[in-house]
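Q: Please take a close look at the salt bridges of this model. Which side chains pair, and where do they lie?

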Amino acid sequence: MTENVLDMEIIGKIKAVTAMVTSGRIYYPETVPHPSRKLSFFACQPFPRLIICLSGIRHVQVALDGKITHLETLKGDIIVARPFAWTQVIKDSLSEVISVVFLPNCIRLVTGVCDTGGNPKNTFHYYHTANPSSAHIQNIISALLMSKDIGNGKPLAEALLMAVAAFLETDSVMLPKVGKATVTWQLLHNYVLENFNGPITRDSLARHFHLTGGYVSALFRKQCRMSVGNYLKIIRVRAVARFLAESDLTLAEIADLCGYKYVPHMIRHFKEQMNMTPSEFRGNSIKPPRF
């Protein structure tokens with residue numbers, strides 16, 4: 001399959017989704033209360049994203065109106081997740097989904113079928129644009145994230161998907177092929193950004209992308225001049241700073257959301273990088289570092 005065919009395929013899916021969301025429901029998950037890791041791994045990313053059910057039934061747990069809520073999402077239903085809003089999929093039914101993640105350096109599109117817990121072989125395809133999203137798209141995202149209180153979420157979601165489809169028509173969409181160093185690094189980098197609160201190691205990255213541990217280490221050394229572990233520490237501390245600045249969560253809750261098993265461990269890493277404790281950072285109302 002050529003890259004042009006891939007371009008048209010994903011653009012077609014986005015256009016089809018645009019027509020669906022007008023009849024679906026819209027949800028705005030929140031950051032608190034935070035989920036229990038005992039149920040399953042949850043997605044908590046520092047970037048805005050849309051998750052749309054294309055077919056089937058998809059059960060998701062989210063925080064809504066101050067409590068953990070179980071959603072049954074159907075065809076056309078859309079989840080508008082602001083940065084750090086979490087979602088937790090319950091794998092008890094078959095569904096097809098598409099996710100649009102607005103990363104700093106590109107738009108990431110994930111499409112595929114989510115199987116039940118009895119058949120965990122999920123089939124997903126990952127695409128990345130060659131360029132960051134346009135200013136027009138960013139403006140619609142900002143309006144959409146604020147639309148919960150205004151009640152015009154559906155038209156904005158439709159406008160955003162139309163803008164993404166138009167952007168894809170002028171931008172080359174990449175189906176990444178592991179083996180090309182620059183594309184492989186982008187895959188690794190984005191994966192860490194999107195899954196920093198999970199148990200990521202050099203070897204787990206190597207297994208996930210079918211690489212050797214030595215090659216993963218070499219890419220991190222070349223691209224950011226540090227090990228996987230040290231890079232992960234930086235990302236997690238930046239996430240901690242974001243939560244400290246923008247929420248009233250306790251240190252224990254922040255530690256759990258940012259991938260730390262123990263609060264003292266988080267405090268030590270934070271102090272090493274920020275030259276102050278989390279409590280001092282929160283008390284001084286310092287602007288958190290960017291991702």
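A: The following account takes the salt bridges in turn. The model is a predicted one, and the count of salt bridges comes to four; among them are the pairs of Arg-25, Arg-202 and Arg-242.

Arg-25 pairs with Asp-77, and their closest N and O atoms are 2.6 Å apart. Arg-25 belongs to the loop between helix 1 (3-20) and strand 1 (26-27), whereas Asp-77 belongs to the loop between strand 5 (67-73) and strand 6 (78-81), so this salt bridge ties together parts that are 52 residues apart in sequence. The two partners are placed as follows. Arg-25 is partly exposed, with a relative accessibility of 37%, while Asp-77 has a relative accessibility of 4% and is buried, because the cut-off for that class is under 20%.

Another salt bridge joins the side chains of Asp-203 and Arg-202, with an N to O distance of 3.1 Å. Here Asp-203 is partly exposed at 39% relative accessible area, and Arg-202 is likewise partly exposed, at 35%.

In helix 7 (residues 228-246), Glu-246 and Arg-242 lie four residues apart, about one turn of the helix. Their side chains also meet in a salt bridge, at 2.9 Å from N to O. Glu-246 has a relative accessibility of 54% and counts as exposed, because that class begins over 50%.

In general terms, side chains of opposite charge can pair when their charged atoms come close.

Methods:
Residues numbered from 1 in each chain as written. Predicted model: local features only at pLDDT ≥ 70, side-chain atom pairs only at ≥ 80, totals over all residues. Heavy atoms only, no water. Helix = DSSP H or I, 4+ residues; strand = E, 2+ residues; numbered from the N terminus. Buried < 20%, exposed > 50% of the residue type's maximum accessible area, 1.4 Å probe, protein only.
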